[in-house]
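Subject: Structure handover

Hello,

Here is the structure for you to look over. Please open it beside this note. My findings follow below.

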Amino acid sequence: MMENDEDFADGDIVLVDFRPVRGHEQDGMRPALVMTDASYNAASSYVVVCPITSNTRPWPFKMPLPDGLKVRGFVMLDQIKSIDRRRRVLRFIDHVPNAKMRDYRERLATLLKIAPAHDH
């Protein structure tokens, strides 16, 4: 597999090779949403992503992508993964608007029981 040295930002949709997998993890080459910010991604060989599926079956931690992107589907927030971007990320596809990323982060925070930061 080719190594990818491109830096990605939160909100980028990228094509990822998730193989090999275990159990019921998402398999194969599929789009995924980058959740970590550009500064982390530039400093690390890892990137944190959530796979995207075309499956429309309702699930509390599966949220739709906004209309108008090159990819249609649902972000699987409960399938979050840290992956080696140089070995698993194949290419950039598109970018999700910041307002929608806030929605995804809020749902992910609910899943992980992370309280929102409060100003003092």
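**Overall picture**

Of the 120 residues in the protein chain, 42% are buried. Please keep in mind that this is a predicted model. The protein chain contains 3 helices and 7 strands. Along the sequence they come in the order β-β-α-β-β-β-β-α-β-α. Contacts between distant parts of the sequence are well represented. Among contacts with a separation of 6 or more, 61% join residues 24 or more positions apart.

**The strands**

Start with β2, residues 29-34. Of its 6 residues, 5 are buried, so the rest of the structure largely encloses this strand. Strand β1 covers residues 12-17 and runs antiparallel to β2, with 5 bridges between the two. One pair to find on screen is leucine 15, whose bridge partner in β2 is proline 31.

β2 also pairs with β3, residues 46-53. These two are antiparallel as well, joined by 3 bridges. Here leucine 33 sits opposite cysteine 50 of β3.

β3 itself is mostly covered, with 7 of its 8 residues buried. It has further partners. Strand β6, residues 81-84, pairs with β3 over 4 bridges in the antiparallel sense. Look for valine 49 opposite lysine 81 of β6. β5 is joined to β3 by 2 bridges, and again the two run antiparallel. In that pairing, isoleucine 52 faces valine 75 of β5.

As background, side chains in a regular strand alternate between the two faces of the sheet.

**Threonine 53**

This residue belongs to strand β3. Is threonine 53 buried or exposed? Its relative accessible area is 10%, and the cut-off for buried is under 20%, so threonine 53 counts as buried. Its side chain has a polar atom 3.1 Å from the backbone nitrogen of asparagine 55. Leaving out residues up to four places away in sequence, threonine 53 touches Arg30, Lys62, Gly73, Phe74 and Met76.

**Helix α3**

Helix α3 spans residues 98-112. Does its length fit, or not fit, what 15 residues should give? At 1.5 Å a residue, the expected span is 21 Å. The end C-alpha atoms are 21 Å apart, so the two agree.

Which residues of α3 are buried? They are Lys100, Met101, Tyr104 and Leu108. These residues cover an arc of only 100° around the axis, which means that they lie on the same side of α3. The face turned away from that buried side carries exposed residues, Glu106 and Thr110. The buried residues are covered by parts of the structure that include β2, β4 (62-64) and β5 (74-76).

**The end of α3**

Lysine 113 lies in the segment after α3. Its phi is positive, about 55°, although the residue is not a glycine. Is lysine 113 buried or exposed? Its relative accessibility is 76%, and exposed means over 50%, so lysine 113 counts as exposed.

**The nonpolar cores**

The largest nonpolar core has 19 residues. Ile13, Leu33, Met35, Leu65, Leu77 and Tyr104 touch the most other members. β1, β3 and α3 each supply at least two residues of this core. Tyr104 is thus a name to note twice, because it is also among the buried residues on the same side of α3.

Leucine 77 is worth a click. What does leucine 77 touch, not counting residues up to four places away in sequence? The list is Met35, Cys50, Phe61, Met63, Tyr104, Arg107, Leu108 and Leu111. Two of the buried α3 residues, Tyr104 and Leu108, appear in it. So does Cys50, the β3 residue opposite leucine 33.

There is also a second, separate core of 10 residues. Its members include Ala32, Val47, Val49 and Ile83. Val49 is the residue that stands opposite lysine 81 in β6.

That is what I found.

Best wishes

Technical notes. Residues are numbered from 1 along each chain as its sequence is written. This is a predicted model: local features need pLDDT of at least 70, side-chain atom pairs count only at pLDDT 80 or more; totals for chains, interfaces and linings use all residues. Side-chain values use heavy atoms; hydrogens and water are left out. Buried means under 20% relative accessible area, exposed over 50%, partly exposed in between (1.4 Å probe, protein chains only). Two strands pair if DSSP finds at least two bridges between them. The expected span of a helix is 1.5 Å times one less than its number of residues. The arc is that of the directions from the helix axis to the C-beta atoms. Contact means heavy atoms within 4.5 Å. A polar contact is a pair of N or O atoms within 3.5 Å; within protein, one must be able to donate a hydrogen and the other to accept it, and residues adjacent in sequence count only if both atoms are side-chain atoms. A nonpolar core is a set of buried Ala, Val, Leu, Ile, Met, Phe, Trp, Tyr and Cys residues joined through side-chain atoms within 4.5 Å.
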